[in-house]
Amino acid sequence: MVEEAGAARPGDESGDDRGEFARRWAATIGSTVVADLRRPRLEALLAGFTTDLHTALRHDGPATAAQRAGRAMVEHGLRSASTLERSLAFVGDHLLDHFGLPADRAKRLMGVLAAFAAGFADGLRVHTLDEQEQSQTRALRLTRSAEAKLRASEAKFRAVFRTSPAAIAVTGLGGELLDCNTAMLDMLGRGAEELAGTTSRALVHPDDQAALTRLAERLRTDDRDQVHAELRLLGGDGEPVTALVSIALVRDDEDEPAYYVAVLEDLDEVRALQARLLHQSLHDVQTGLANRGQFVGWLENAVGTRGPAALALVVFDLDGFRVVNDAFGHEVGNRVLSAAAAHLRSVFGEVGQLARIGPDEFGVLIRDPVDVPAVVTYAEEALDLLAEPVWVEEDGIGVTASVGIVVRAARGADATELMRCVDVTVRWAKEDGKAQWALYDPERDRRERTPMRLAASVAGGLEQGDFRVDYEPVRSSADRSLLAVEARLRWEHPAEGPVDPLELGPLVAGTGMAARLGAWALEQACHDAGRWHAELGAAAPVLTMNLTARQCQEPELVAEVRRVLRESGLPASGLRLELDEVLLGRLGEEQLEELAILTEHGVGLALDRVGNANHGIDRLRRLPLCGLKFEGAPMRGITADATPMDEDATAALLSWARTLGLPLHAAGVRTEDEVARLAGLGVSGVQGPLFGEPLSADGVAAILGKS
């Protein structure tokens with residue numbers, strides 16, 4: 001065994017000498033060592049070798065220890081000739097002197113060095129033989145692995161060849177058919193025995209054989225991997241089969257042509273599939289009618305320069321069809337849709353192009369209609385048929401439809417605009433009561449589009465700062481002192497001029513912007529009122545604001561109002577929210593509770609437009625109201641031209657309101673005479689045109705400063 005440096009044997013005191021000798025030896029051969037040995041490890045090995053050499057030198061007899069050291073050199077990676085040469089020179093020059101051995105051991109030293117070299121040579125021989133054996137083993141393994149992979153690859157190719165849905169044929173350079181798969185036999189309608197010994201030319205239509213010859217020539221001469229062409233093959237019944245053929249030339253190991261592989265795709269099947277897919281993409285699966293995409297294509301073609309002179313566009317929108325699906329399920333709903341499609345087909349099948357253009361919508365395009373009455377007659381006939389029940393067990397299910405009709409010149413029209421017009425007309429039919437038709441009216445459309453555009457652009461107006469809050473003074477009917485100011489939202493539209501957002505209320509609610517607009521107005525008005533309160537304290541007027549239906553639906557209404565009051569510095573008692581009496585009947589229990597919580601926090605709540613709805617006194621008492629305001633119809637009884645009946649009705653209403661014990665206010669006051677009449681009927685607060693136009697925030701501040 002090789003000993004580590006400095007590890008002395010029992011009775012041997014030369015451990016330090018061996019370590020020093022090993023360090024000098026390592027320094028001598030260090031530059032020739034190619035093995036991955038760190039210096040401490042090298043020195044430890046050489047210290048062990050030093051012990052073996054020193055032992056062999058001191059004792060006569062076989063120098064087996066020296067031979068062992070030489071073999072260990074090779075085993076530990078010290079195999080270079082330079083390493084051996086320097087080691088022999090270093091040991092021969094320094095071993096005797098370093099350990100103080102007598103000069104007569106020099107002859108013995110030569111024998112030790114010879115044994116060391118012999119051991120090195122023997123170790124190198126064994127190492128070389130081992131490496132050769134390992135190389136041969138690796139080569140054998142690689143060869144076997146390659147053969148296995150080749151067999152697996154061939155097996156995969158055969159499996160793909162046999163089971164591929166694509167037709168594959170292998171032919172020799174002379175055109176003889178060497179092999180083909182089942183898909184090839186199926187495509188041609190032939191058996192394997194029928195094709196045995198056949199050539200590729202015999203399978204190709206006579207008119208396409210010259211093209212096949214050119215393809216083979218291009219593969220051999222143009223250094224191409226493959227070529228493609230559309231060829232006609234001969235089926236078993238003699239009928240041509242059109243196929244897309246891809247031919248590849250396979251070469252051998254010497255890069256010489258070996259055989260052809262052809263992959264064929266039946267174009268007749270492909271084109272039939274394409275036709276089916278095209279039909280499916282343009283037709284509704286449920287009803288078999290054309291779908292919206294095809295209908296729009298018809299319409300775009302009709303408005304072209306080669307289209308008809310006039311056209312009629314008729315759209316049927318089934319009324320409340322969701323009720324059928326929710327009550328009976330979608331399967332029954334689909335049966336009703338199919339029945340509706342059959343009815344429409346029976347009416348329009350000969351006069352127009354019919355399509356299902358939505359989940360419960362059908363469109364009809366009539367080219368060059370006779371006249372408008374004729375189109376209306378068709379629509380009415382279809383409505384009568386749609387009303388006929390579809391029987392599902394004991395339930396007779398009938399549907400109605402709202403119908404929009406657009407008749408106009410076709411050439412030069414815009415298909416997208418026509419679809420918009422008919423959609424608008426369908427909406428008119430629904431708004432007018434459903435189960436009827438409506439004829440497109442360009443003037444009505446023009447009138448309605450302006451408020452719709454405005455409602456849709458509220459978000460842009462808010463972002464550009466086009467909105468502001470004005471304030472209408474509320475005066476005392478007794479001394480005309482300022483009791484409150486009512487916030488009025490105004491929109492300075494850059495194109496339309498001043499716009500009252502209240503006029504757009506239902507449209508804005510439909511766009512989802514009502515909550516955002518109401519929150520902005522509340523925050524703006526409260527900050528204005530907060531500044532007035534900071535300057536005047538309790539003398540500042542109360543801020544009143546209309547509470548919209550959308551705001552009442554907000555689950556965080558209380559938290560939002562309290563946040564705005566806190567940030568604006570306006571006390572809760574300085575804010576009074578007004579609830580339209582019509583809205584009162586639409587509120588649920590949770591919403592009524594939210595309003596009650598607001599009043600508990602000090603916010604005032606007044607009922608607006610009293611007398612425009614019919615609610616019992618019990619429902620009114622459910623809210624802790626702080627006032628009632630009259631506007632609209634109840635105010636007719638105090639005008640100069642009021643009839644005795646109107647006067648009696650107004651007096652009776654105000655008399656009834658006084659029984660609630662709440663302050664009464666009136667809006668829309670125009671004359672001093674009206675103020676006097678209202679005061680006599682117990683109304684304490686009045687507002688309206690009599691007191692001028694609404695004021696800006698600065699205008700209110702100016703009035704308060706004068707006061």
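**First stop: the sheet of strands 1 to 5**

Select the five strands that make an open sheet in the order 2-1-5-4-3, with antiparallel pairing. Helices (H or I, at least four residues) and strands (E, at least two) are DSSP runs, numbered from the N terminus, and two strands pair if DSSP finds at least two bridges between them. Keep in mind as you look that this is a predicted model, in which local features need pLDDT of at least 70, side-chain atom pairs count only at pLDDT 80 or more, and totals for chains, interfaces and linings use all residues. Residues are numbered from 1 along each chain as its sequence is written, and side-chain values use heavy atoms, with hydrogens and water left out.

Which strands stand at the edges? Color strand 2 (177-180) and strand 3 (226-234): each has a single partner strand, so one side of each is left without a neighbour in the sheet. On average, and with direction ignored, neighbouring strands here are turned by 30 degrees against each other. Angles run from 0 to 180 degrees between N-to-C directions, and axes are lines fitted to C-alpha atoms, for helices over the stretch in contact.

Zoom in on strand 1 (residues 167-171), which pairs with strand 2 in the antiparallel sense over three bridges. Pick T171 and you will find its bridge partner, L177, in strand 2.

Now add helix 9 (residues 209-221), which packs on the sheet and touches strand 3, strand 4 (240-251) and strand 5 (257-266). The direction of helix 9 makes about 160 degrees with that of strand 3. Contact, here and below, means heavy atoms within 4.5 Å. Helix 10 (residues 267-282) also lies across strand 3, strand 4 and strand 5, and runs at about 120 degrees to strand 4.

**Second stop: the sheet around strand 6**

Move on to an open sheet of five strands with mixed pairing, in the order 7-8-6-11-12. Strand 7 (353-358) and strand 12 (437-439) are at the edges; each has a single partner strand, so one side of each lacks a neighbour in the sheet. From one strand to the next, the twist averages 20 degrees.

Center your view on strand 6 (residues 310-318), which runs antiparallel to strand 8 (residues 361-367) and is joined to it by seven bridges. Look for D317, opposite E361 in strand 8. Strand 6 also runs antiparallel to strand 11, with nine bridges between them, and there L311 stands opposite R408. Eight of the nine residues of strand 6 are buried, so this strand is largely enclosed by the rest of the structure. Buried means under 20% relative accessible area, exposed over 50%, and partly exposed in between (1.4 Å probe, protein chains only).

Two helices are worth switching on here. Helix 11 (residues 292-302) lies across strand 6, strand 7 and strand 8, at about 25 degrees to strand 8. Helix 14 (residues 372-386) lies across strand 6, strand 8, strand 11 (401-409) and strand 12, at about 160 degrees to strand 11.

**Third stop: a helix pair**

Select helix 12 (residues 321-328) and helix 13 (residues 330-348), whose axes are 7 Å apart and which pack at an angle of about 140 degrees. Helix 12 and helix 13 are therefore oblique to each other; angles under 35 degrees count as roughly parallel, over 145 as roughly antiparallel, 65 to 115 as roughly perpendicular and the rest as oblique. Show side chains for F321, V324, N325 and F328 in helix 12, which meet H330, V332, G333, V336 and L337 in helix 13.

**Fourth stop: two single residues**

Pick H54 in helix 2 (residues 39-58). Is H54 buried or exposed? At 7% relative accessibility, H54 is buried. Not counting residues up to four places away in sequence, H54 touches F99 and L101.

Next, go to R609, in the loop between strand 18 (604-608) and helix 24 (617-620). R609 is partly exposed, with a relative accessible area of 29%. Its neighbours within four places in sequence aside, R609 contacts D580, E581, K629 and E631. For a sense of scale, draw a distance from R609 to P40: their C-alpha atoms are 103 Å apart, and 569 residues separate them along the chain.

**Last stop: the cysteines**

How many disulfides are there? With a disulfide taken as a pair of cysteine sulfur atoms within 2.5 Å, the count is zero. Select C526, whose sulfur is 15 Å from the closest cysteine sulfur, in C626, too far for a bond. C526 is buried, with a relative accessible area of 0%. C552 is in no disulfide either, and the nearest cysteine sulfur, that of C626, is 15 Å away. C552 is buried too, at a relative accessible area of 4%.
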